[in-house]
Amino acid sequence: MAKHLISGSAGFVGSNLARTLLKNGHQVVGVDNFSCGFRKNMEDFYNHPNFTFYKQDIRDIAPSEVSYDAVWHLAARGELYFCRDHIDEAIDVNIKGTLKMLDFAKSANAQHFYFADTSAEYDNIKGEENYPTAEKDAPNINTPMGYYAITKMAASQFIRSYGETNGIGTTLFRYTNIYGPSMNLKRDIPPVVGSFTNRMFDGEIPIIYGTGRKRRDFLHIDDLNDFHYASFENRQDKTDSQTYNAGCGKNYEILEIRRLVYNACMKRYDGTPSGILYKPEQPNEAEITQADISKAKEDWGWEPKLSIEEGIDRTVESLWQLRVKNNA
């Protein structure tokens, strides 16, 4: 049984990671300040005998007095528009907060440091012929333009350097669009699958920014849970630094995602509206995301299992059952 610390444990991805590690017999300590996470995400395992939670801002975390086998640093200000409008806060959390977590890992004698990077690092790569993107495609002559992606790129470079200097193995995950039950729908611009679903169940037409022709790579949270555990099983004893894309390896137009969500909602709610509300495009958004996931396949034997249709249907069903429960 290994001992893990997860920053951002009350978030969508962090709570799922904690649940996965606990299910596999590990000891987990969670840290979150609830700026983007929610206590309800941890309700089903909060009292688990192998789980301990501390309400804590990563910028204030003190050196550890106990040892950890692994530190998973998922806490961040990850909303693109928040980072654009509050760049000082984004730098403080995403870069300086990462440095605090690295110091924590060193004090805890952690063998490995896992980091939630982002596929937004590829946002300045133009042209369909350059997709799917491999881990080596950025940063090099291609560097990101969005403020959020820039903070993540800087944090990633610090992690690689810090790990090499201090003998800590590091693994960085470049997530694409992760979706599924318990995703954060309270953002100013929520993730599209959840946003479309909630608006349709409310009898409101979904919002699309731009034409809806942008293409995105989507990965269901169940597949990401398997990805994370595969990384632990294959990377925990390694002392080098590696980056892995976490996506499905395909991409879909936002209009196609709306169609799939609409069909799934119609199976459960006859009043699902069929229209679309178009709004102006948001700045510094990539036209395309599509991850080359061959590295994780070759190194770990991992690949996603859920189709986009099944993943969306599972997500819509979960949000529908939540409404049924709340209205009971």
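These legends describe close-up views of a predicted model.

**View 1. The whole chain combines nine helices with 13 strands.** Its radius of gyration is 19 Å, close to the 20 Å that the globule rule gives for 328 residues, so the chain is as compact as a globular protein of that length. Along the principal axes, the C-alpha atoms fill a box of roughly 55 × 50 × 40 Å. Of the 328 residues, 54% are buried. Now take the contacts with a separation of 6 or more. Residues 24 or more positions apart account for 79% of them.

**View 2. Strand β4, residues 70-73, is covered on both faces.** Ala70 and Trp72 lie on one side. Val71 and His73 lie on the other. Are these four residues buried or exposed? Each of the four is buried. The side switches from one residue to the next for a general reason: in a regular strand, side chains alternate between the two faces of the sheet.

**View 3. Strand β4 pairs with strands β1 and β5.** Strand β1 covers residues 3-7 and pairs with β4 in the parallel sense. Four bridges join β1 and β4. Look for His4, which stands opposite Ala70 of β4. Strand β5 covers residues 112-118, and its pairing with β4 is also parallel. Here too there are four bridges. Which residue in β5 is the bridge partner of Trp72? The partner is Tyr114. Both Ala70 and Trp72 were met in View 2, on one side of β4.

**View 4. The structure holds one cavity of 30 Å³ or more.** The space in this largest cavity is about 30 Å³. Which residues line the largest cavity? The lining consists of Ser119, Tyr122, Tyr131, Thr133, Thr176, Thr289, Gln290 and Ala291. Sorted by class, three are nonpolar and five are polar. No charged residue takes part in this lining.

**View 5. The second largest pocket holds about 640 Å³ of space.** Its lining is made of 17 residues. Nearest the centre of the pocket lie Lys40, Asn41, Ser182, Leu319 and Leu322. Which helix gives the most to this lining? Helix α9, residues 308-327, does, with six residues. By class, the pocket lining has six nonpolar, six polar and five charged residues. Compare the cavity of View 4, where the lining has no charged residues.

Note on methods. Residues numbered from 1 in each chain as written. Predicted model: local features only at pLDDT ≥ 70, side-chain atom pairs only at ≥ 80, totals over all residues. Heavy atoms only, no water. 1 Å grid on protein atoms, 1.4 Å probe; cavity = no way out; pocket = protein on both sides within 12 Å on 5 of 7 lines; lining within 4 Å. Points joined across faces, edges and corners; volume = space filled by probe spheres on them. Nonpolar A, V, L, I, M, F, W, Y, C, P; charged D, E, K, R; others polar. Buried < 20%, exposed > 50% of the residue type's maximum accessible area, 1.4 Å probe, protein only. Pairing = 2+ DSSP bridges. Rg over C-alpha atoms; globule rule 2.2 N^0.38 Å. Contact = heavy atoms within 4.5 Å.
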